Amino acid sequence: MSSFTEEQEALVVKSWNLMKKDAGEWGLKFFLKIFEIAPSAKKLFSFLKDSDVPLDQNPKLKIHAKSVLVMTCEAAVQLRKAGKVVVRDSTLKKLGATHLKYGVVDEHFEVTKYALWETIKEAAPEIWSVDMKNAWGEAFDQLVSAIKTEMK
């Protein structure tokens, strides 16, 4: 866990603080980017299967997207202090079970990481840097690793 440094923590906190108040909007953008990169990922979400509502207007997607973004970013923010991945409103066991049940594979996590980077870059263009990208990448990888441990 020690590979997530104090400097990286500061970058994650700084960018999340810029996004936090509009977490719903950024969460939706985050998921729209995921589906743009991997349209087939839509099949993983039961509430999108039979919906004729445009993605950006789907109320269930909006709620889900916001909660995923908030959970991801808050896990990243407290990673160093907690010394481990901590998730709010859920448990890693539950997240592992859900991702396993819906058939989430490594490629999906990679797409999600890329979409997260793109979302943060769009949200915080003036402070975006290679270091910030690496900080979020490290935090995301640790979160995914913790979820995958529970998927086995």
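In this short talk I will go through the overall fold, then the largest pocket, and then two residues, T119 and W136.

Please keep in mind from the start that what we are looking at is a predicted model. The secondary structure of the protein chain amounts to eight helices and zero strands, so that, reading from the N terminus, the elements follow one another as α-α-α-α-α-α-α-α. The radius of gyration of the protein chain is 15 Å, which is close to the 15 Å that the globule rule gives for 152 residues, and the chain is therefore as compact as a globular protein of that length. If we lay the C-alpha trace along its principal axes, it spans about 45 × 35 × 25 Å. Of the 152 residues in the protein chain, 41% are buried, and, if we take the contacts with a separation of 6 or more, 75% of them are between residues 24 or more positions apart.

Let me turn to the empty space in the model. The largest pocket has a volume of about 820 Å³, and among the 33 residues that line this pocket, those closest to its centre are F31, H64, V68, L95 and H99. Which helices supply at least two residues each to that lining? They are α2, covering 23-37, α3, covering 46-49, α4, covering 59-77, α6, covering 92-101, and also α7 and α8, the last of these covering 130-151. The helix that gives the most to the lining is α4, with six residues. When we sort the lining of the largest pocket by class, we find 21 nonpolar, nine polar and three charged residues.

Next, I would like us to look at T119, which lies in helix α7, residues 106-123. Is T119 buried or exposed? It counts as buried, because its relative accessibility is 0%, and the cut-off for buried is under 20%. The side chain of T119 reaches the backbone oxygen of A115 at 2.7 Å. Leaving aside residues up to four places away in sequence, T119 touches M19, W26, K29, F30 and K33. As for Q57, which is 62 residues from T119 along the chain, the C-alpha atoms of the two are separated by 18 Å.

Finally, we come to W136, which is found in helix α8 and which is buried as well, with a relative accessible area of 1%. Again not counting residues up to four places away in sequence, W136 touches L11, V12, S15, W16, C73, A76, L116, W117 and I120. With one of these, S15, the contact is also a polar one, since a distance of 2.9 Å joins the side chains of W136 and S15. W136 and F4 are 132 residues apart in sequence, and yet, from C-alpha to C-alpha, they are 9.5 Å apart in space.

Conventions: Residues are numbered from 1 along each chain as its sequence is written. This is a predicted model: local features need pLDDT of at least 70, side-chain atom pairs count only at pLDDT 80 or more; totals for chains, interfaces and linings use all residues. Side-chain values use heavy atoms; hydrogens and water are left out. Helices (H or I, at least four residues) and strands (E, at least two) are DSSP runs, numbered from the N terminus. Buried means under 20% relative accessible area, exposed over 50%, partly exposed in between (1.4 Å probe, protein chains only). A polar contact is a pair of N or O atoms within 3.5 Å; within protein, one must be able to donate a hydrogen and the other to accept it, and residues adjacent in sequence count only if both atoms are side-chain atoms. Contact means heavy atoms within 4.5 Å. On a 1 Å grid over the protein atoms alone, a cavity is a set of points where a 1.4 Å probe fits but cannot get out, and a pocket is an open set with protein on both sides within 12 Å along at least five of seven lines; lining residues have an atom within 4 Å of a point. Grid points are joined across faces, edges and corners, and a volume is the space filled by probe spheres set on the points. Ala, Val, Leu, Ile, Met, Phe, Trp, Tyr, Cys and Pro count as nonpolar, Asp, Glu, Lys and Arg as charged, and the others, Gly among them, as polar. The radius of gyration is taken over C-alpha atoms; the globule rule is 2.2 Å times the number of residues to the power 0.38.
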